[in-house]
Amino acid sequence: MSVHESRQRLIQNERMSVDPLSPQDDSDAGVYLEDIAVDNDYVMSGTNQKAQSFLDEMARRQKAKQIAIPTDDGRVRMSLRELGEPITLFAEDKADRRERLRNVLLALHEYRGVDVEMRDYGIVMDENLEEEGGEEEEEEEFYTPGDEDLLESRQQIARYSLIKARDRRSQQMKDAAYPLTKLVKQSRILSEYLRSYSLMGMQYASDRAISTVKFSPNSKLLAAGSWTGSIRLMSVPTLEDKSNVAILRGHTDKIGGIAWHPQATISQSPESVNLVSGGGDGSVRLWSLNKSTSLAILAGHEGRVCRVAFHPSGKFVASASFDYTWRFWDIETQRELLMQEGHSKEVYTVAIQNDGALLVSGGLDGIGRIWDLRTGKTIMVLDGHSREIYSSDFSPNGYQVATGSGDATIKIWDIRKVRAAYTIPAHKNIVSDLKFYNGSANIPASVSNTEDDRSAPSLQGSYLVSSSYDGAINVSNSQISFQLVLTIRSLISCNL
């Protein structure tokens, strides 16, 4: 059977692409595969120029992100002056100034071929340094100065967290041996139970908007922070004012964050510190349960305080602020232990792991960072949201972190894999708050399987609650890939 001439040439070309001629073959029947010229810059006619320009712009932005820019505004101004640029423009804030410096350095690299690798935190190296035979300066890491109190606190946190991590790990190994069929049944029963959640009560707590609400550790008190700068304490489930002290007054601007002491309403004395709050006046205040005025004021922030968090040991407090920093405080000495930079815009949210070893911060730059409180180093950068990060929380399992953003999504980050494990299209607007179930609520034993089986795993971290500016609260089951099981309308803050 004869084969057409064009078909024969096609077969020969296919064979050559699979089995190129040996270098020892002197035949003139073809060419070697490695001798074929490849032009990666060739553009076919009809190529979408708009798409190509978009890809070029994305590559440019990615390159700009790799340029290290100092967070200290003084150094930014100094760098701009060194480059012959105005140190400030009309209506320009710190973040805009940093971004302008980044663009200037990128332009130098693109159009003049100047090395934009940052040395001395933002000042460009002298181009003639190498020609003059000078030696390049060694890059140095940036450290925030600390004192003996900070060192001692980190040692305390290390000792505390190692014990907590050991106990958590031991329990997780026991839970891993639990039969899968029973675990699936537990998850199904939990979803059915969560769908039964409904409105229990409603109460007017202030003349202005309520910015945040937090349940006490024993779930018998509710603290509601208001834009008036006051905090109202209410009994649960009646939502009536607390008997002796109902309103805590001290802040002169809206309440940004509230956090309960881990042992408040359990073993902590009512006269001691039971509550911490942060306000728009830039102050962090400590409160007892039997006085309407604050026990102490932690001053230092230069901007609005958005969120606060207690360390699980109850000895320390973290606060996030619009001054581009988060700070760590000792509540016994009422001193600032650490002022941590690292975000290019305002820091909005902060949360601490149950073990007490890690802290997550999120800012209006759309970036989250996980910090090791024992060393002060960043161990993971949460880069994935397209807009600001407004909320965050650690799962009780110790290795998952949830962040809520202005892009209406929630991301679940896996610290072990150093990447995002889930992206949840949770809402239609800003995710204002979120919280993992920490095991303090009273879930019936029939739901957790502990009624008939004492070896059943704990339900800690089994579901996630999130609130949004779309007026909804969503409840998701984390045991089945954060599947949505319930939506409650007309709320923008949540707590468990």
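This report walks through a sheet, some salt bridges, a nonpolar core, a helix and a few backbone details of one structure. Please keep in mind that the model is predicted.

**A four-stranded sheet**

A good place to begin is an open sheet of four strands, ordered β5-β6-β7-β8 and paired in antiparallel fashion. Its edge strands are β5, residues 255-260, and β8, residues 296-298, each of which pairs on one side only. From one strand to the next, the twist averages 20 degrees. You can follow the pairing at β5, which is joined by five bridges to the antiparallel strand β6, residues 275-279. Within this pair, I258 of β5 stands opposite S277 in β6. As general background, strands of a sheet pair through backbone hydrogen bonds, either parallel or antiparallel.

**Salt bridges**

Next come the charged side chains. The whole structure holds 16 salt bridges, and three of them appear in this table.

| Pair | Closest N and O atoms |
|---|---|
| E92 and R100 | 2.8 Å |
| D355 and R168 | 2.8 Å |
| E192 and R188 | 3.5 Å |

Let us start with E92 and R100. E92 has a relative accessible area of 14%, so it counts as buried. R100 is buried as well, with a relative accessible area of 13%. Both belong to a network of salt bridges that links D73, R77, E92, R97 and R100.

How far apart in sequence are the parts that D355 and R168 tie together? D355 lies in the loop between β13 (347-352) and β14 (358-363), while R168 is in helix α5 (residues 148-176), so the pair connects parts that are 187 residues apart in sequence. D355 is buried, at 5% relative accessibility, whereas R168 is partly exposed, with a relative accessible area of 21%.

The pair of E192 and R188 sits within one helix: both residues lie in α6 (residues 180-194), four residues apart, which is about one turn of the helix. E192 is partly exposed at 45% relative accessibility, and R188 is partly exposed at 45% too.

**Helix α6**

While we are at α6, here is its overall span. The helix has 15 residues and reaches 21 Å from its first C-alpha to its last, close to the 21 Å expected at 1.5 Å a residue. Its buried residues are Q186, S187, I189, L190, S191 and L194.

**The largest nonpolar core**

Which residues touch the most other members of the largest nonpolar core? This core has 16 residues, and the ones with the most contacts to other members are A318, W326, F328, V350, I352, L359 and L373. Two or more residues come from each of α5, β10 (316-321), β11 (326-330), β12 (335-340) and β13.

I352 makes a handy point from which to look around. Leaving aside residues up to four places away in sequence, I352 touches A309, F310, H311, P312, A318, F328, L358, L359, L373 and F394.

**Backbone details in the loops**

A few loops deserve a look too. V236 and P237 are joined by a cis peptide bond, with omega about 15 degrees. P237 has its place in the loop between β3 (231-235) and β4 (247-248).

T265 is not a glycine, yet it has a positive phi of about 65 degrees. You will find T265 in the loop between β5 and β6, where it is partly exposed at 22% relative accessibility. Q334, also not a glycine, has a positive phi of about 60 degrees. Q334 belongs to the loop between β11 and β12 and is partly exposed, at 43% relative accessibility.

Notes
Residues are numbered from 1 along each chain as its sequence is written. This is a predicted model: local features need pLDDT of at least 70, side-chain atom pairs count only at pLDDT 80 or more; totals for chains, interfaces and linings use all residues. Side-chain values use heavy atoms; hydrogens and water are left out. Two strands pair if DSSP finds at least two bridges between them. Axes are lines fitted to C-alpha atoms, for helices over the stretch in contact, and angles run from 0 to 180 degrees between N-to-C directions. A salt bridge is a side-chain nitrogen of Lys or Arg within 4 Å of a carboxyl oxygen of Asp or Glu. Buried means under 20% relative accessible area, exposed over 50%, partly exposed in between (1.4 Å probe, protein chains only). A nonpolar core is a set of buried Ala, Val, Leu, Ile, Met, Phe, Trp, Tyr and Cys residues joined through side-chain atoms within 4.5 Å. Contact means heavy atoms within 4.5 Å. The expected span of a helix is 1.5 Å times one less than its number of residues.
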